Amino acid sequence: MGNFMEMRARHKDEFQKKHGVKLGFMSVFVKAATAALQEVPAINAYIDDEAKEIVYRDYCDISVAVASPNGLVVPVLRNTEHMTFADVERTIALFGQKAHSGTLALDDMSGGTFTISNGGVFGSLMGTPIINQPQSAILGMHATKMRAVVDGKGNVVARPMMYLALTYDHRLIDGREGVTFLKSMADKITDPARLVFDI
């Protein structure tokens, strides 16, 4: 998390001035998830039980939780493959306003292809989120804490770390695909330049 946190601290004021919205953590996770979903299409697919077939989607509609006076609601960011960081932050802020004013519509919360759950905002260190059917997977984000890690020179240093959890439907997604998706996300969060350069 250190590289992203440093980049965010360096650019957050300029980002807010230009785009009129704060640069949070969620946009980098949405953009990293979108890229990883495109790399590992099974994570973004679903099983159509009626037709008895696997349906692969060529778009990413990511559900994200926002707080409302009556609890969490999960609106959908549509076509995140076409959204910028600013688009993601702006849309999440709009959903937050709608949730607080009670104007979030059912259409705002239906049709997601993948969900990101952020239990870290409540202090969760680790957990297993439950899949929102008919989606085939859900990502759990947890609290960022300083943890001891070994750097490239063998030194033990403190670094900000976050545990990620991926719950997936094993009828469609095997361990190789699940781990490949998580590794891709971790690489993009660890080195956000990978998102800029589309690698």
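**Exercise 1. In which sense do S7 and S8 pair, and over how many bridges? Then place these strands in their sheet.**

*Solution.* Let's start with the pair itself.

1. In this predicted model, S7 and S8 pair in the parallel sense, joined by four bridges.
2. For a residue-level check, find Ser-117, which stands opposite Gly-140 in S8.
3. Thr-115 is another good marker: its bridge partner in S8 is Ile-138.
4. Thr-115 also has a neighbour in another strand, since Ser-63 stands opposite Thr-115 in S7. The strands S3 and S7 run parallel, with three bridges between them.
5. Now step back to the sheet: five strands, ordered S6-S3-S7-S8-S9, form an open sheet with mixed pairing. Its edge strands are S6 (76–77) and S9, each pairing on one side only.

**Exercise 2. Do S8 and S9 run parallel or antiparallel? Follow the chain through their hairpin.**

*Solution.* Work along the ladder, then look at the turn.

1. S8 and S9 run antiparallel, and 12 bridges join them.
2. Two pairs help you to fix the register. Ala-148 stands opposite Ala-158 in S9, and Met-141 has Leu-164 in S9 as its bridge partner.
3. The hairpin has five residues between the strands. Among the residues of this hairpin, Gly-154 takes a positive phi near 90°.

**Exercise 3. Which residues of H4 are buried, and why can they be said to line one face?**

*Solution.* Begin with the helix as a whole, then sort its residues.

1. H4 covers residues 175–190, 16 residues in total, and reaches 22 Å from its first C-alpha to its last, close to the 22 Å expected at 1.5 Å a residue.
2. At the start of H4, look for a side-chain oxygen of Asp-174: this atom reaches to within 3.1 Å of the backbone nitrogen of Arg-176.
3. Taking buried as under 20% relative accessible area, you should find Glu-177, Gly-178, Phe-181, Ser-184, Met-185, Lys-188 and Ile-189 buried in H4.
4. Viewed down the axis of H4, these buried residues fall within an arc of 130°, so they line one face of the helix.
5. Turn to the face directed away from the buried side, and you meet the exposed residues Arg-176 and Val-179.
6. What covers the buried residues? The cover includes strands S7 (114–118), S8 (137–150) and S9 (156–168), together with helices H1 (2–19), H2 (26–39) and H5 (193–196).
7. To finish, set the helix against the sheet: H4 lies across S7, S8 and S9, and runs at about 140° to S9.

**Exercise 4. What covers the buried residues of H3? Describe this helix, then follow the chain beyond its end.**

*Solution.* The same approach serves here.

1. H3 spans residues 85–101 and has 17 residues; its first and last C-alpha atoms are 25 Å apart, close to the 24 Å expected at 1.5 Å a residue.
2. Its buried residues are Ala-86, Val-88, Glu-89, Ile-92, Phe-95, Gly-96 and Ala-99.
3. Their cover includes H1 and H2, along with strands S3 (62–64), S4 (66–68), S5 (71–73) and S6.
4. Just after H3 comes Gly-102, with a positive phi of about 75°.
5. Continue into the loop between H3 and S7, where Asp-107 lies. Asp-107 has a relative accessible area of 59% and is therefore exposed, the cut-off being over 50%.
6. Lastly, compare positions in sequence and space: Asp-107 and Arg-171 are 64 residues apart along the chain, and 28 Å separates their C-alpha atoms.

Conventions:
Residues are numbered from 1 along each chain as its sequence is written. This is a predicted model: local features need pLDDT of at least 70, side-chain atom pairs count only at pLDDT 80 or more; totals for chains, interfaces and linings use all residues. Side-chain values use heavy atoms; hydrogens and water are left out. Helices (H or I, at least four residues) and strands (E, at least two) are DSSP runs, numbered from the N terminus. The expected span of a helix is 1.5 Å times one less than its number of residues. Buried means under 20% relative accessible area, exposed over 50%, partly exposed in between (1.4 Å probe, protein chains only). The arc is that of the directions from the helix axis to the C-beta atoms. Contact means heavy atoms within 4.5 Å. A polar contact is a pair of N or O atoms within 3.5 Å; within protein, one must be able to donate a hydrogen and the other to accept it, and residues adjacent in sequence count only if both atoms are side-chain atoms. Two strands pair if DSSP finds at least two bridges between them. Axes are lines fitted to C-alpha atoms, for helices over the stretch in contact, and angles run from 0 to 180 degrees between N-to-C directions.
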